[in-house]
Amino acid sequence: MEFDKSLLDSFIPSLSSVVVLSSYLGYLAIAGLVLPGKAVPGAVLSDGSRLHYRCNGLLSLVLLLVLTGTGVYLGWISPTVIADKGIELLSTTLLFSILVSVILYIAGTISRHTSASLKPHVTGKFIDDWWFGIQLNPHFMGIDLKFYFVRAGMMAWLFINLSILSKTYLAGTANLSVFLYQLFCAIYVIDYFYHEEFMTSTWDIIAERLGFMLVFGDLVFIPFTFSIQGWWLLKNQVELPSAAIIANCIIFITGYLVFRGANKQKHIFKKNPKALIWGKPPKLVGGKLLASGYWGVARHCNYLGDLMLALSFSLPCGASSVIPYFYPIYLFILLIWRERRDEARCSQKYKEIWAEYCKLVPWRIFPYVY
C-alpha cells in the first residue's frame with residue numbers, strides 16, 4: 001500500500017519538474033528564433049502560399065549538450081535529474097499537452113484567418129476538433145508550433161536516454177546491450193536533426209492539423225515511450241551472444257539506409273522532379289507520382305525502414321520480456337493504420353493516376369509480402 005501511494009505521489013507534478021520542463025521549452029523557443037539556420041521553404045499550400053522553416057535544430061541540440069555538460073561538470077546539474085524525475089516529468093508534460101491543445105482549440109474556433117495555414121477547420125464535434133486540431137500551422141510569437149513541438153520531442157528523447165545512461169553507469173550496470181541501444185538511438189536523433197529540412201515535406205507538417213493528437217504524440221509519446229528500452233535495461237541485465245549483436249547491427253544499418261534513403265528521395269523529388277534517382281532519371285506516373293528508387297519497390301517503403309529501426313532499438317533488450325518491444329509493436333499497428341488512411345486519401349486525390357501507380361508498385365510496405 002505504501003508503494004502504491006508513493007507511485008501515485010510521483011505522478012503529481014512538482015515545482016522542480018515544472019522548472020525543468022519550462023527551462024527546456026524556453027531554451028528551444030529562444031534558440032529556434034535566434035540561432036542561425038538554413039531557411040527551408042515548406043510545401044506549397046492550397047492557397048499558393050508556403051511557410052519557411054529555420055532548420056537550426058542540430059545547432060540547438062549541440063549547444064544544449066554543451067550547456068548541460070558544462071552544468072554537470074560544474075556541479076550545477078545532476079546528470080540523472082531527468083531519470084530521477086521521470087514520472088513527474090511525464091505527468092507534467094502530459095498536463096502541459098492537454099493545456100496547449102485546449103488553448104489551440106479555443107484559438108482555432110475564434111480565428112478569422114483565411115490563409116491556408118491558419119484557416120480554421122471546425123467540424124462542430126468537440127472531440128474531433130480538439131483531437132485532430134483546427135488550424136494547420138498555428139504560430140505563437142513567431143514560432144511555428146507544429147515544427148517546434150516535434151523538435152522538442154525528438155530532442156527530449158535523446159536527453160532522457162542520456163540521463164538514463166548516466167544512472168545506469170553510476171549503478172555499475174552499463175554493458176554492451178546498453179551501449180547498443182544508446183548508440184542506435186543517438187545516431188537516429190542526431191541524423192534526424194542533421195536532415196531536419198526533410199521534415200518539412202512529411203505528411204504531419206504538410207497536411208495534419210495541430211491538435212492533441214500531434215501535441216501529445218510529439219511531447220509525451222515520442223520521448224517517454226521511445227525510451228522504454230532504456231528504462232528496462234536500467235533494471236535488467238542482458239548479455240547478448242555475438243550472433244545477436246551482429247544481427248542487431250545489420251537490422252539497424254539496413255533500416256537506416258531504407259528509412260533515410262526513401263525520405264531523402266521523396267524530399268529531393270518534391271524540390272526538383274527531374275533530379276536523378278539512383279543515378280537515373282526518375283520514373284513518374286501521371287507526371288506526379290515517383291515510381292523510382294525506393295518508391296518503385298514499395299508505396300510506403302519509408303515505413304519499412306522505420307519499423308526496422310524501431311526493432312533494432314528493442315533487440316538489445318533480449319527476448320525475456322515483451323515490454324521493451326512496445327515501441328515496434330505500437331509502430332507496426334500505427335503504420336498499418338496510417339498506410340490505409342494514406343492510400344484512401346491518395347486514391348481520392350490522384351484517382352486513376354493512383355490506380356496506375358498501384359499496378360506498377362503493388363507492394364504497400366513489405367516487398368513480396370504486403
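Okay, let's start with one residue: tryptophan 157 has a relative accessible area of 0%, so it counts as buried. Keep in mind that what you're looking at is a predicted model.

So who does that ring sit with? The whole structure turns up 26 aromatic pairs in a search, and I'll pick out a couple. Tryptophan 157 pairs with phenylalanine 313, and the geometry is edge-to-face, with 5.7 Å centre to centre and 70° between the planes. What I like here is where the partners come from. Tryptophan 157 belongs to helix α7, residues 145–170, while phenylalanine 313 belongs to helix α13, residues 301–314. They are 156 residues apart, so the pair links distant parts of the chain. And is phenylalanine 313 buried or exposed? Buried, because its relative accessibility is 0%, and the cut-off for that is under 20%.

The other pair I picked is tyrosine 192 with phenylalanine 193. That one is edge-to-face too, at 5.0 Å centre to centre and 85° between the planes. Both tyrosine 192 and phenylalanine 193 are buried.

Let's zoom out to the chain. In terms of secondary structure, we have 15 helices and six strands. How many of the 370 residues are buried, as a percentage? The figure is 49%.

On overall dimensions, the C-alpha trace spans about 60 × 55 × 45 Å along its principal axes. The radius of gyration is 22 Å, and a compact globule with 370 residues would come out near 21 Å, so the two agree.

Now, the helix α7 and helix α13 pair was one long-range link; here's the chain-wide number. Take the contacts between residues at least 6 apart in sequence: 76% of them join residues at least 24 apart.

Last topic, empty space. Rolling a probe the size of a water molecule over the atoms is how you see where some is left. Here that gives three cavities of 30 Å³ or more, and the largest one has a volume of about 50 Å³.

What lines the largest cavity? If you want to select the residues in your viewer, go for Gly42, Ala43, Leu45, Leu51 and Tyr53, then Asn137, and then Thr200, Ile205 and Ile206. Sorted by class, that lining has six nonpolar residues, three polar ones and no charged ones.

That's my tour, happy to pull any of it up on the screen.

Methods
Residues numbered from 1 in each chain as written. Predicted model: local features only at pLDDT ≥ 70, side-chain atom pairs only at ≥ 80, totals over all residues. Heavy atoms only, no water. 1 Å grid on protein atoms, 1.4 Å probe; cavity = no way out; pocket = protein on both sides within 12 Å on 5 of 7 lines; lining within 4 Å. Points joined across faces, edges and corners; volume = space filled by probe spheres on them. Nonpolar A, V, L, I, M, F, W, Y, C, P; charged D, E, K, R; others polar. Phe/Tyr/Trp six-rings, centres within 6.5 Å; stacked < 30°, edge-to-face > 60°. Helix = DSSP H or I, 4+ residues; strand = E, 2+ residues; numbered from the N terminus. Buried < 20%, exposed > 50% of the residue type's maximum accessible area, 1.4 Å probe, protein only. Rg over C-alpha atoms; globule rule 2.2 N^0.38 Å. Contact = heavy atoms within 4.5 Å.
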